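Hi,

Here is the structure I promised to pass along. Have a look at it first, then read my notes underneath.

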Amino acid sequence: CAKWKALLAKMQEEQVPFSLKSLAVNGNDLLSEGLPAQNLATILNALLMHTAVTPSDNVTARLIRLAHGFNKSLS
């Protein structure tokens with residue numbers, strides 16, 4: 001239990017996003033960047049998983065660049 005509490009504390013300290021609402025972008029941001037609506041859920045989930053590993057990437061400009069890359073891989 002102590003290990004998990006320590007891990008959770010470290011993740012909170014690093015500001016790891018735990019939900020889509022914690023991301024620095026949302027679906028409207030991605031739509032305004034020209035990303036297709038049918039891919040939004042997949043892209044947002046990929047961004048959430050990415051930022052769980054690399055929380056420092058939870059910055060709007062970086063996430064938009066990543067979203068375009070994720071979208072290309074879906075095509």
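Gln15 sits in the loop that links helix H1 (2–13) to helix H2 (27–32). Keep in mind that this is a predicted model, so everything below is computed from its coordinates. What caught my eye at Gln15 is the backbone: phi there is near 60°, a positive value in a residue that is not glycine. Is Gln15 buried or exposed? With a relative accessible area of 62%, Gln15 is exposed, because anything over 50% counts as such.

Now for the fold as a whole. The protein chain has four helices and zero strands, and reading from the N terminus the order is simply α-α-α-α. Along the principal axes, the C-alpha atoms of the protein chain fill a box of roughly 45 × 20 × 15 Å.

On packing: the protein chain has 75 residues, and 29% of them count as buried. I also looked at contacts between residues at least 6 apart in sequence; in the protein chain, 59% of these join residues at least 24 apart.

Then the surface and the charges. The accessible surface of the protein chain comes to about 5,100 Å², with 57% of that area belonging to carbon and sulfur atoms. As for charges, the protein chain carries 7 positive and 5 negative ones, and the mean positions of the two sets are 7 Å apart.

That's what I have for now.

Cheers

Key
Residues numbered from 1 in each chain as written. Predicted model: local features only at pLDDT ≥ 70, side-chain atom pairs only at ≥ 80, totals over all residues. Heavy atoms only, no water. Helix = DSSP H or I, 4+ residues; strand = E, 2+ residues; numbered from the N terminus. Buried < 20%, exposed > 50% of the residue type's maximum accessible area, 1.4 Å probe, protein only. Contact = heavy atoms within 4.5 Å. Areas by Shrake-Rupley, 256 points an atom, 1.4 Å probe, with all protein chains shown as cover. Lys, Arg positive; Asp, Glu negative; His and termini not counted. Charge placed at Lys NZ, Arg CZ, Asp CG, Glu CD.
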